[in-house]
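Please open the model in your viewer and keep the sequence panel visible beside it. The stops below name what to select next and describe what is there.

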Amino acid sequence: MNLHKPTPPAASLNTPLPHDAAALHVAGSARYVDDIPTPAGTLHLCFGLSEHAHGRIDALALDAVRAAPGVVAVLTAADLPFANDVSPSVHDEPLLAEGTVHYAGQPLFLVVADSHHAARRAARAATARITPLPAILSIDDALAADARFEDGPRIWTRGDPDTAIAAAPHVIEGAIEIGGQEHFYLEGQAALALPQEGGDMVVHASSQHPTEIQHKVADALGVPMHAVRVEVRRMGGGFGGKESQGNALAVACAVAARATGRPCKMRYDRDDDFIITGKRHDFRIAYRAGVDGDGRIRGVTFTQYARCGWAQDLSLPVADRAMLHADNAYFLPAVRIESHRLRTNTQSATAFRGFGGPQGMLGVERLMDHIAHALGRDPLDVRRANYYRAAAAPARTGPGTAQRFGGPHSPARADSAPQTTPYGMEVEDFILHDMTDALARSSDYAARRARVAEWNAANPVIKRGIALTPVKFGISFTLTHLNQAGALVHVYQDGSVHLNHGGTEMGQGLFQKVAQVAADAFGVDPARVRITATDTGKVPNTSATAASSGADLNGMAVRAACDTIMDRLRAMLAEAHQSTPDAVRCAGGRFTVGTESYSFEEVVSRAYLSRISLSATGYYRTPKLSWDRLRGHGRPFYYFAYGAACSEVVIDTLTGENRILRADILHDTGTSLNPALDIGQIEGGYVQGAGWLTMEELVWDDRGRLRTHAPSTYKIPAASDRPAVFNVALWNQPNPEATIGKSKAVGEPPLMHGISALLALSDAVAACGDGSRYPALDAPATPERILAAVARQRGAP
């Protein structure tokens, strides 16, 4: 449990306030797209889907669909008036199939009916004659067919890793298979389109990227973007699955609304959501490393194979980020990272929390574990031996230090200079040495590891394992131009504040954090501040709420807008008191000038009567970024977020059943904007990451059909799967970079703490053998995989 003391009512930044909609969530009165009251005559949509993974469409018999009860219209690709495209990248993803189907679940046609159930029933009445074509389903199939995106593998190299490996005393090599993951947001994909006068369209969408919805709908309708307004009040979870996957529903609704002149609504049933939408990319990562007797890496190669699915979607930046996180927390002096982006006839894999970073990070963490096993060392010692150099403490200057202001008389020590990542970015703020030491102490790692060994020696059936793993995660969009945000802030005559920004709320508490930023800027109680739906008509050209950037970008944009208004108010008071704006103070909801004091409301009212604008826009773009993705060189990230997690697990060697007994996490949030929300994100991230690596298994049959497409066959962690002992603490040190409130992003980094659960399971499996064989436990570590690994440890082939 993590408890916080009650907060004074005027507190704003760095305060554990509750989620702004928490009471609405609990009461069930929070409004999502499917809850919006719709006008009379609203129509409902459903896709007809392909049952083939790859084939040529010879004929679609849709007469029975058109004749079904309640059906108003049936649309195919030939009926679309303008762009038949919902791709977020290279226009390779049609809304409705044209000539060829590329995966089982691809939309073939669109049914428009007077009810959701009528549309679903009618879609099943279609007959599609499709000539099957060879389907590429696996990584091995794609390699054999040379089916890939881009012209070949991306390769980034530093030094001569092959020579370094050959000269090393020990060579470690292996591979890990990493499964995908279904987003399983509680609110499924949904959209509602309301036709307006003059051909305009208003779209309500459950989307992390309102501007992309606006763009795609405008293209599909053949109108400028100003004719489309997209509104997103909240999502019931997103996790990256609503960054691009909502495009299809919004475009379908808009096209149908234009064709019928009536409002149109669409929501996927859970099975359809599974079958149609993309997942986390599954990976294979092969590694080969040369190490010394302490386990320190001298040279290493990683080969990453990403199964991308049938369309490009966001696979290139996902695969890039996997390469960018192949080092995680470790300095790799000589390294080659090779990435294959493979095209298959499966759902187009898409963004998922971490965006490739978790897969890349898991590759090197598996290597560290393998090195420790091969050398008979504690895995934590091997990790520490390979850490980046600690951030240098600020130099002392002055008498008695033999240094003078860091000038020529005080040259920097060679071993204090920042080391660089494989892509050339200096790691200036590495804090994991101290964080790891602190977590090892607070979790009692050394003593518990000894107790685990004692337990395993005495218990032949039930085995325990423990692992402590670090996280270093880069924060920024790797597509540099996305690192920008806008905001619109109004102050009303009564002193209440209304704001909009480009970020979307998906349960993570972004709106509450940004409201606290505005409250702090104005010196008022956060209860005065209201954030309403994200709206492309108020804040244009937004970036997706992704890459853990929501608070960083939008918080700074809101702060800029608030500061503009505050500058006007200070200037007004300074002029009235024949003073300067710097002499005007604002705190606790009051302005002070000399001996005079005014309430915030008084000053606002005075500004209105003085015809001073109480509205402003704000804009922010992330500084210091420079990135060349083709060369694999530059500074793609503004800063790194750090953390460490220690997990203890238990397995039943007769059944493969397993449990996480305890998790201890120490996470770097900078100076947290809201510790309560951040701790919630860390807890949820850990459980989601552990679920991905231990129980969530996607299974396709030999015809390319997804067989795990419902809660009955696809298992996510439940409340009972959280560790019985769950300790989360914040490493509350200011971000050295100039972020909002000196905070750090906390959306994606915590998911990687789940890696410690997988490696703890590997540790438990290793205890079943004599130490001669590495467990090589793939992910997800389901009971079946654990049983197979235990059998290998006990001598099975």
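## A loop between two strands

Begin with phenylalanine 184, which is found in the loop between strand S8 (170–178) and strand S9 (190–195). Helices (H or I, at least four residues) and strands (E, at least two) are DSSP runs, numbered from the N terminus. Phenylalanine 184 is not a glycine, yet its phi is positive, at about 50°. The residue is buried, with a relative accessible area of 13%; buried means under 20% relative accessible area, exposed over 50%, and partly exposed in between (1.4 Å probe, protein chains only).

## Before going further

This is a predicted model, in which local features need pLDDT of at least 70 and side-chain atom pairs count only at pLDDT 80 or more, while totals for chains, interfaces and linings use all residues. Residues are numbered from 1 along each chain as its sequence is written, and side-chain values use heavy atoms, with hydrogens and water left out.

Colour the chain by pLDDT, the predictor's confidence in each residue, from 0 to 100. The chain has a mean pLDDT of 95, and 96% of its residues reach 70 or more. Next, select residues 1–10, where the pLDDT is below 50; this stretch has 16 contacts in the model beyond near neighbours in sequence. Contact means heavy atoms within 4.5 Å. Select residues 395–414 as well: the pLDDT is again below 50 there, and the stretch has 13 contacts beyond near neighbours in sequence. Where pLDDT is low, the predicted coordinates should not be read in detail.

## Glutamine 245 and its contacts

Which residues are in contact with glutamine 245, leaving aside its neighbours within four places in sequence? Select glutamine 245 in the loop between strand S11 (228–232) and helix H7 (247–260), then display Gln189, Thr277, Gly278, Asp313 and Thr350, which are its contacts outside that sequence window. Glutamine 245 counts as buried, at 9% relative accessibility. Add alanine 349 to the view: its C-alpha atom is separated from that of glutamine 245 by 10.0 Å, and the two residues are 104 residues apart along the chain.

## Helix H14 and what follows

Select helix H14, residues 510–522. Its 13 residues reach 19 Å from the first C-alpha to the last, close to the 18 Å expected at 1.5 Å a residue; the expected span is 1.5 Å times one less than the number of residues. Of the 13 residues of H14, 12 are buried, so the helix is largely enclosed by the rest of the structure. Among the buried residues are Phe511, Gln512, Ala515 and Gln516. Glycine 523 follows H14 and has a positive phi, near 70°.

Now add serine 548, in the loop between strand S20 (534–535) and helix H15 (550–576). Serine 548 also has a positive phi, about 60°, although it is not a glycine, and it is buried, with a relative accessible area of 12%.

How do H14 and H15 pack, and at what angle? Their axes are 9 Å apart and the angle is about 25°. That makes H14 roughly parallel to H15. Axes are lines fitted to C-alpha atoms, for helices over the stretch in contact, and angles run from 0 to 180 degrees between N-to-C directions. Angles under 35 degrees count as roughly parallel, over 145 as roughly antiparallel, 65 to 115 as roughly perpendicular and the rest as oblique. To see the interface, show side chains including Leu510, Val514 and Val517 in H14, which belong to the set that meets residues of H15, including Asn554, Val558 and Cys562.

## Glycine 486

Move to glycine 486 in strand S17 (residues 484–491). At 16% relative accessibility, glycine 486 counts as buried. Glycine 618 is 132 residues away in sequence, but the C-alpha atoms of the two glycines are 5.5 Å apart. Beyond neighbours within four places in sequence, glycine 486 is in contact with His501, Gly502, Val539, Asn554, Ala557, Gly618 and Tyr619.

## Towards the last stops

Select proline 780, in the loop between helix H18 (755–766) and helix H19 (783–793). The peptide bond from alanine 779 to proline 780 is cis, with omega near 0°.

Finish at glutamine 793 in helix H19. This glutamine counts as buried, at 9% relative accessibility. Not counting residues up to four places away in sequence, glutamine 793 touches Val765, Ala766, Cys768, Gly769, Arg773, Tyr774 and Pro775.
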